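Me: I am new to this structure and would like a close look at a single part of it. Could you take me through it slowly, and then show me how it fits with the rest?

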Amino acid sequence: MIRDLLDVVAATLDTATRVRVFDSTGPGQPARKRRDRRPVLADQRDPEALIQLRAALALRPDTKVMDWMQWPDLWLELLGPDDARLTAIGLLRQGWLRWESDGDLELQDPAAIVQWLTRWAPEAAATIAE
């Protein structure tokens, strides 16, 4: 089961052509009216940023699916080539990734996502540095 989930995560990350970063309130629903949408902390389409994001979100191969009783500090909305939402994933400060309703998965290198945010989404990085 975990192998299947890791494969789904990797395939989704490989398909993403755009990432939008939101604070802990999350992106909300895509169909909301413009005035009701959450503010975007970063919006990246740069191919190099997406390559580095995939590396930063690499999961430990021996990760266990957990269910931390904590709300994510940031949300990443991954969008595909047609700007359709692929998924929204949560980042938990201690180095975990919330993958939809499947649970929380441990990042291979928690510092890598902080470095990615610092370079490609500085406003978002500032919110977790507080």
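Me: Which strands does helix H2 lie across, and at what angle does it run to S1?

Reply: Happy to help! Please keep in mind that this is a predicted model. Helix H2, made of residues 47-56, lies across S1, S2 and S3. Its direction is at about 70° to S1.

To see what H2 is lying on, let's turn to the sheet. Six strands form an open sheet, and their order is S2-S1-S3-S4-S5-S6, with antiparallel pairing. Strand S2 (42-44) and strand S6 (103-106) are at the edges; each has a single partner strand, so one side of each is left without a neighbour in the sheet. From one strand to the next, the twist averages 25°. One of the strands under discussion, S1, covers residues 18-22 and pairs with S3, residues 74-79. This pairing is antiparallel and runs over five bridges. If you would like a spot to find on your screen, try Val-21, which stands opposite Leu-76 in S3.

Now let's step back to the whole chain. The protein has four helices and six strands. Following the sequence, you meet them in the pattern α-β-β-α-β-β-β-β-α-α.

That pattern ends with two helices, and they are worth a visit too. Two packed helices are described by the angle between their axes and by the distance between those axes. Helix H3 (residues 110-120) packs with helix H4 (residues 122-129) at an angle of about 130°, and their axes are 6 Å apart. An angle over 115 but not over 145 degrees falls in the oblique class, so H3 and H4 are oblique to each other. On the H3 side of the contact you will find Val-114, Leu-117, Thr-118, Arg-119 and Trp-120. They meet Pro-122, Ala-124, Ala-125 and Ile-128 in H4. Sorted by class, this contact has seven nonpolar residues, one polar and one charged.

Finally, here is the overall form. The C-alpha trace spans about 40 × 35 × 30 Å along its principal axes. The radius of gyration is 14 Å, which agrees with a compact globule, because a globule of 130 residues would have a value near 14 Å. Of the 130 residues, 44% count as buried. Among contacts with a separation of 6 or more, 65% come from residues 24 or more positions apart.

Terms used. Residues numbered from 1 in each chain as written. Predicted model: local features only at pLDDT ≥ 70, side-chain atom pairs only at ≥ 80, totals over all residues. Heavy atoms only, no water. Pairing = 2+ DSSP bridges. Axes fitted to C-alpha atoms, helices over the stretch in contact; angles between N-to-C directions. Contact = heavy atoms within 4.5 Å. Parallel < 35°, antiparallel > 145°, perpendicular 65-115°, else oblique. Nonpolar A, V, L, I, M, F, W, Y, C, P; charged D, E, K, R; others polar. Rg over C-alpha atoms; globule rule 2.2 N^0.38 Å. Buried < 20%, exposed > 50% of the residue type's maximum accessible area, 1.4 Å probe, protein only.
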